[in-house]
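Colleague: I have the structure open and would like to go through some of its local features with you. Shall we start?

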Amino acid sequence: MNYISTRGGKDFVGAAGAIKQGLASDGGLFMPDKIPTFGKGDIAKLCAMSYPERAAYILSLFLTDYTYDELLSDCEKAYSPDRFVGGAAPLHKLSDDTFVLELWHGPTSAFKDMALQIMPRLLSAALKKTEESRTAFILVATSGDTGKAALEGYRDVDGVKIMVFYPVDGVSRVQKLQMATQLGENVYVCAIEGNFDDAQTGVKKIFSDTEMAELLNKNNVFFSSANSINWGRLAPQIVYYVSAYCDLINKGEIIADEMIDVTVPTGNFGNIFAAYIAKMMGLPINRLVCASNKNNILTDFLTTGTYDRNRGFHTTMSPSMDILISSNLERLLYVMSGAENTAELMKKLNTDGCYTIDAALKAKLDEHFTGLFCDEENTALEIKRTFNENGYLIDTHTAVGLNCAKQYMAKKSDGLKMVVASTASPYKFAADVYKSIAGKAPADELSALGELKALTGTEIPYPLCDIDKREIRFKTVIEKQDMPSEVLKTLGIDA
Ligand SMILES: *Cc1c(COP(=O)(O)O)cnc(C)c1O
């Protein structure tokens, strides 16, 4: 299987090359040249497998220059029970027709671990497969969760260095502490004055700066990405939708081939796009509900067909979804309308900040996707209601998802089961979760963890215990235009 650009450029690389390179050279995103499909009996086979086996099986369909045994060995290490305490992606039954797919049992308590525990292993193997002698320098822009998960995944991986940029006031106290206290000899963390889109735009600019690439090359270094624009992030995310479907069958909740609906709290459109690929592969998914917070640009896009980023940016209690440019939407446009149209729309987005899709493409979107959103007040209410009525504690992002799932389900009567992706541990956003239930603020953002535990009788996950007692290693804050010089400084390269 080969990987090509969503914008039709000349790149034509294997999976290892796509993972190593991150972004296609024309600025587009890598996509497989065809999507594999499940054959008869495949899902039944997957039902009998463990999570690492399901992951290796599905990844082997996309990453054809890795052997199944290589992938299985990496998946067993990545999703081991000591890293994912309580299971890799357990399904919690909330009510007769609603299931919560818990994707946050990994080492940083957010769903990003599902990809970022395996991707560094894939990159490491990719460097060997392509006989790479240079150091891979991973550049990451984060709205909070990716940064920590990438740091943890790439920490002390041979042949790799990683640098993370985050918006100084755009992440929670816990997220900031998680990153500032990161261990490892090959990791760097830097805050910028600006929001997530500034960080992401800055990183994309550095990636497409050919002079800088040459300078690095002379110093035996090259850039690579860990953001969800990298195919190595997306492929592992397809797995848990298939896995959830298998678990529903195994638990007797659905029969073989029965349709389900899926709701995903969405930011950069990576997670929900992975669900769509699962659907393209033949997983019986009926509708994909794209759940947004107050930054509801995707809701508007899916409703009207116009994507318009010329609007205010809101800082919400679900910061990992505070995004105005959802990069992975480009992959969906490509799959549904081809490279030429995608390149045109992306050019419009770049110059005008907006674009409108034609009626044919809009009709295709409508076949699969529904866009809904949940404001701050209803996010808090959803957390409280779910705890009081179901005895189940959810984080702010999951609350947005669950609320949108309920909005959707209230309007239909097809009886299909709904799976809601749960993207973070409630303890990662403890202050807002506590406030939503208790009706008053905790003493401070850090004491909130203990206060939430006392209030709800639930356990703090192991990655977040004693977070305030670790040594702060990274304190740098810079202006966004200084990102390139900070990169060179970190690498010890004179411009
Ligand atoms: C990253 C993230 C999201 C958004 O996922 P996308 O793939 O960017 O759409 C939602 N919730 C949490 C907790 C996240 O960390």
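Colleague: Is Ser109 buried or exposed?
Modeller: This is a predicted model, and the values here are computed from it. Ser109 lies in the loop between β4 (98–102) and α5 (113–116). Its relative accessible area is 0%, and the cut-off for burial is under 20%. Ser109 is therefore buried.

Colleague: What is the phi of Ser109?
Modeller: Ser109 is not a glycine, yet its phi is positive. The value is about 65 degrees.

Colleague: Which loop holds Phe269, and what is its phi?
Modeller: Phe269 sits in the loop between β9 (260–265) and α12. Phe269 is buried, at a relative accessible area of 1%. Phe269 is not a glycine either, and its phi is positive, about 70 degrees.

Colleague: Which residues form one aromatic cluster with Phe269?
Modeller: Take one pair of the cluster, Tyr276 with Phe369. Tyr276 and Phe369 are both buried. The full cluster joins Phe269 to Phe273, Tyr276 and Phe369.

Colleague: How many aromatic pairs does the structure hold, and what is the geometry of Tyr3 with Trp231?
Modeller: The structure holds 13 aromatic pairs. For Tyr3 and Trp231, the ring centres are 5.7 Å apart and the planes stand at 50 degrees. That angle is neither under 30 nor over 60 degrees, so the pair is tilted.

Colleague: How many residues apart are Tyr3 and Trp231?
Modeller: Tyr3 belongs to strand β1 (residues 3–5), Trp231 to helix α11 (residues 231–250). The pair links distant parts of the chain. The separation is 228 residues.

Colleague: Are Tyr3 and Trp231 buried or exposed?
Modeller: Tyr3 has a relative accessible area of 0%. Trp231 is at 0% relative accessibility. Both count as buried.

Colleague: What about Tyr276 and Phe369: what angle do the planes make?
Modeller: This aromatic pair is tilted, at 5.5 Å centre to centre. The angle between the planes is 45 degrees.

Colleague: Where in the chain do Tyr276 and Phe369 lie, and how many residues apart are they?
Modeller: Tyr276 is in helix α12 (residues 270–280). Phe369 is in strand β13 (residues 369–373). The pair links distant parts of the chain, 93 residues apart.

Colleague: Which ring has the charged end of Lys20 over it?
Modeller: The distance from the charged end of Lys20 to the ring centre is 5.7 Å. Lys129 does likewise over the face of Tyr66, at 5.0 Å from the ring centre. For Lys20, the ring is that of Phe222.

Colleague: What does Phe223 touch, beyond residues up to four places away in sequence?
Modeller: Phe223 is found in strand β8 (residues 221–225). At 10% relative accessibility, Phe223 counts as buried. Its C-alpha atom is separated by 9.6 Å from that of Met212, 11 residues apart along the chain. The contacts of Phe223 are Lys20, Phe137, Leu139, Ile206, Phe207, Met212, Leu216 and Val487.

Colleague: At what angle do helix α9 and helix α21 pack?
Modeller: Helix α9 covers residues 196–207, and helix α21 covers residues 483–491. Their axes lie 10 Å apart, and α9 passes α21 in a right-handed crossing. The packing angle is about 65 degrees.

Colleague: Which residues make that contact, and how do they divide by type?
Modeller: From α9 come Asp198, Ala199, Gly202, Val203 and Ile206. From α21 come Met483, Pro484 and Val487. They divide into six nonpolar, one polar and one charged.

Colleague: Why is helix α7 described as largely enclosed?
Modeller: Helix α7 spans residues 145–154. Its buried residues include Asp145, Lys148, Leu151 and Tyr154. The helix is largely enclosed by the rest of the structure because its buried residues number nine of the 10.

Colleague: Which residue with a positive phi follows α7?
Modeller: The phi in question is near 60 degrees. The residue is Asp156.

Colleague: Which residues does Cys47 contact, leaving aside neighbours within four places in sequence?
Modeller: Cys47 lies in helix α2 (residues 42–47). Cys47 is buried, with a relative accessible area of 11%. Its C-alpha atom is separated by 9.4 Å from that of Leu248, 201 residues apart along the chain. The contacts of Cys47 are Arg54, Cys246, Ile249 and Asn250.

Technical notes. Residues are numbered from 1 along each chain as its sequence is written. This is a predicted model: local features need pLDDT of at least 70, side-chain atom pairs count only at pLDDT 80 or more; totals for chains, interfaces and linings use all residues. Side-chain values use heavy atoms; hydrogens and water are left out. Helices (H or I, at least four residues) and strands (E, at least two) are DSSP runs, numbered from the N terminus. Buried means under 20% relative accessible area, exposed over 50%, partly exposed in between (1.4 Å probe, protein chains only). Contact means heavy atoms within 4.5 Å. Rings of Phe, Tyr and Trp (its six-membered ring) pair if their centres lie within 6.5 Å; planes under 30 degrees apart count as stacked, over 60 as edge-to-face and the rest as tilted. A charge sits over a ring if NZ of Lys or CZ of Arg is within 6 Å of the ring centre and within 35 degrees of the ring normal. Axes are lines fitted to C-alpha atoms, for helices over the stretch in contact, and angles run from 0 to 180 degrees between N-to-C directions. A crossing is left-handed if the near helix is turned anticlockwise from the far one by less than a right angle, and right-handed if clockwise. Ala, Val, Leu, Ile, Met, Phe, Trp, Tyr, Cys and Pro count as nonpolar, Asp, Glu, Lys and Arg as charged, and the others, Gly among them, as polar.
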